Amino acid sequence: MRFIQESTHLTPEQLLPTQSKPLQKISNIQIPTPTQPNPAFNYSTELQHYLSGRSLLPDELPFLIELLHQHHLNGYIIYGKGVENNHCHRCGNTKKHLFASFECYRCKEPCTYCRNCIMMGRVSECTPLITWTGPAPPAANPPSFDWTGTLSQAQQEASNRVVDTVKTKDNLLVWAVCGAGKTEVLFQGIQEALNQNKRVCITAPRTDVILELSPRLQKVFPQTSIPSLYGGSEDRHEYGQLVLSTTHQLFRYEKAFDFIVIDEVDAFPYSYDTSLQYAVEKARKPESAIVYLTATPDSQTQKGCASKKQNHIRIPARYHRHPIPMPRLAWCGNWKKAFDKNKIPSKLKKWTLQKLQQNKQALIFFPSVKIVEKALPLFQKMNPAIESVHAEDPHRKEKVQKVRSGETPILLTTTILERGVTIPNIGVAVLGAEESIFTESALVQIAGRAGRSAAHPTGDIVYFHYGRTKEMINAIFHIYNMNKEAGKRGLIDG
């Protein structure tokens with residue numbers, strides 16, 4: 001797309017009867033200072049709902065260019081730069097190797113585009129990002145709050161801090177053990193924000209988390225519009241007062257939210273991808289509140305908490321007031337060599353047979369898909385109902401559901417199930433716990449699968465290894481210290 005630059009606005013090439021002035025791609029234009037919205041202009045409420053708080057490509061907008069331009073002339077829309085001097089204004093990418101050029105039919109010259117966020121639609125030097133600058137849509141209904149549950153002492157303390165964070169537009173890290181009930185801790189803070197007509201976003205790296213949260217939050221806030229945004233979701237064009245979104249979908253937002261919650265802030269890919277962190281910051285309003293949720297903060301964050309540089313509150317106990325089951329270490333010899341000989345390491349085989357005899361379900365974590373696939377037929381000799389799962393498994397959801405329903409006694413898995421899976425009365429084993437993929441964070445999360453139910457608060461957790469590592473020891477101390485703190489604060493019984 002090319003424009004003619006005027007003193008107060010830009011005019012797209014498509015709307016020019018003649019080309020009396022030179023046409024330029026937007027990356028080469030000095031963007032005029034936006035004009036104030038014209039109060040006499042009868043703006044489109046449909047466009048307002050579609051674009052408010054978002055920064056979108058022209059191809060993402062189902063509106064005629066004439067309508068968009070009328071709103072631009074009246075101060076309700078601005079055309080912004082997409083890519084400029086190897087800087088993507090949508091995802092924040094500045095890495096030269098993540099840009100490429102092509103012969104563009106729109107600007108009639110070589111045009112650089114961003115490869116980092118190409119999955120969201122191509123943004124290039126001649127592609128404007130279109131942003132709404134008029135008023136936000138009013139809330140459709142007064143917020144209602146329908147939750148009759150009770151919070152534990154630790155949950156209530158954290159909930160109060162979340163409410164204070166919303167009021168003061170500050171930041172807070174909620175460091176809560178697996179199974180502590182982090183979602184419930186958010187309810188009163190969300191209600192506080194909605195009562196003030198503030199816009200709220202809960203974002204997480206994984207689609208699974210968004211799909212799980214959606215029905216729970218809709219039940220608690222029944223009168224509130226709660227779109228769920230992820231790749232291919234039907235809600236992705238809806239305006240909502242409370243938005244659930246994967247972190248990738250936040251590339252499309254700009255200065256939209258008064259309160260953002262980042263769930264699983266330590267999880268891949270958010271913890272490793274600076275462009276996702278940029279997306280969150282871009283989606284926030286300049287004055288806004290942000291809450292980070294995690295059970296396993298990285299070492300740098302833990303140091304920030306210890307030095308009081310990071311506002312935080314810890315929930316070291318689960319809601320059912322039982323300690324987190326402690327993992328134990330079990331040396332199992334050269335397990336790789338055993339599988340090369342088509343044998344299950346003897347200690348792991350003994351543990352598995354014991355679970356089958358006791359009719360106890362279990363998850364067994366492996367360091368790679370390759371080893372899972374090699375192990376499955378050997379385990380199925382013990383029981384043909386044993387199954388395996390990994391990230392690319394097309395039947396992943398169905399297999400997890402079969403474990404929940406009790407049909408599958410043992411599930412072999414990669415680290416894909418280290419988070420977000422709650423199955424009562426389940427045992428957990430890790431094979432090859434010394435492998436680099438099993439970090440302190442991963443091992444703590446895996447241990448957190450056991451003992452989550454009030455009816456079954458204990459569980460057998462074993463790290464089978466061929467040599468102890470610092471990560472294994474740190475994971476055990478992490479859990480031990482949380483239990484110790486919970487005991488001192490009177491948050492667990494016994």
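Are tyrosine 253 and phenylalanine 257 buried or exposed? In this predicted model, tyrosine 253 is buried, and phenylalanine 257 is buried as well. The rings of these two residues form a tilted aromatic pair, with 5.2 Å from centre to centre and an angle of 40° between the planes.

Aromatic pairs number 15 in the structure. One of them joins tyrosine 50 to phenylalanine 63 in an edge-to-face arrangement, in which the centres lie 5.6 Å apart and the planes meet at 85°. This pair links distant parts of the chain, since tyrosine 50 belongs to helix H1 (residues 45-51), while phenylalanine 63, 13 residues apart from it, sits in the loop between strand S4 (55-56) and helix H2 (65-73). Both tyrosine 50 and phenylalanine 63 are buried. In addition, one aromatic cluster is formed by Phe41, Tyr43, Tyr76 and Trp132.

The domain assignment divides the chain into domain 1 (2-132), domain 2 (153-315) and domain 3 (328-489), and the centres of domain 1 and domain 3, taken over C-alpha atoms, are separated by 50 Å.

Zero disulfides are found in the structure. Cysteine 114 is in no disulfide, because the nearest cysteine sulfur, which belongs to cysteine 91, is 3.7 Å away, whereas a disulfide requires sulfur atoms within 2.5 Å. Cysteine 114 is buried, with a relative accessible area of 0%, and cysteine 332 also counts as buried, at 12% relative accessibility.

At the surface, Met326, Phe477 and Tyr480 make a nonpolar patch of about 310 Å². Methionine 326 lies in the loop between strand S15 (312-315) and strand S16 (328-331), and this residue is partly exposed, with a relative accessible area of 34%.

Methods. Residues are numbered from 1 along each chain as its sequence is written. This is a predicted model: local features need pLDDT of at least 70, side-chain atom pairs count only at pLDDT 80 or more; totals for chains, interfaces and linings use all residues. Side-chain values use heavy atoms; hydrogens and water are left out. Patches are made of residues with over 30% relative accessible area and no salt bridge: like charges are joined within 9 Å, nonpolar side chains (Val, Leu, Ile, Met, Phe, Trp, Tyr) within 5 Å. Accessible areas come from the Shrake-Rupley method with a 1.4 Å probe; for residues, only the protein chains shown count as cover. A salt bridge is a side-chain nitrogen of Lys or Arg within 4 Å of a carboxyl oxygen of Asp or Glu. Helices (H or I, at least four residues) and strands (E, at least two) are DSSP runs, numbered from the N terminus. Buried means under 20% relative accessible area, exposed over 50%, partly exposed in between (1.4 Å probe, protein chains only). Domain bounds come from an automatic or database domain assignment. Rings of Phe, Tyr and Trp (its six-membered ring) pair if their centres lie within 6.5 Å; planes under 30 degrees apart count as stacked, over 60 as edge-to-face and the rest as tilted.
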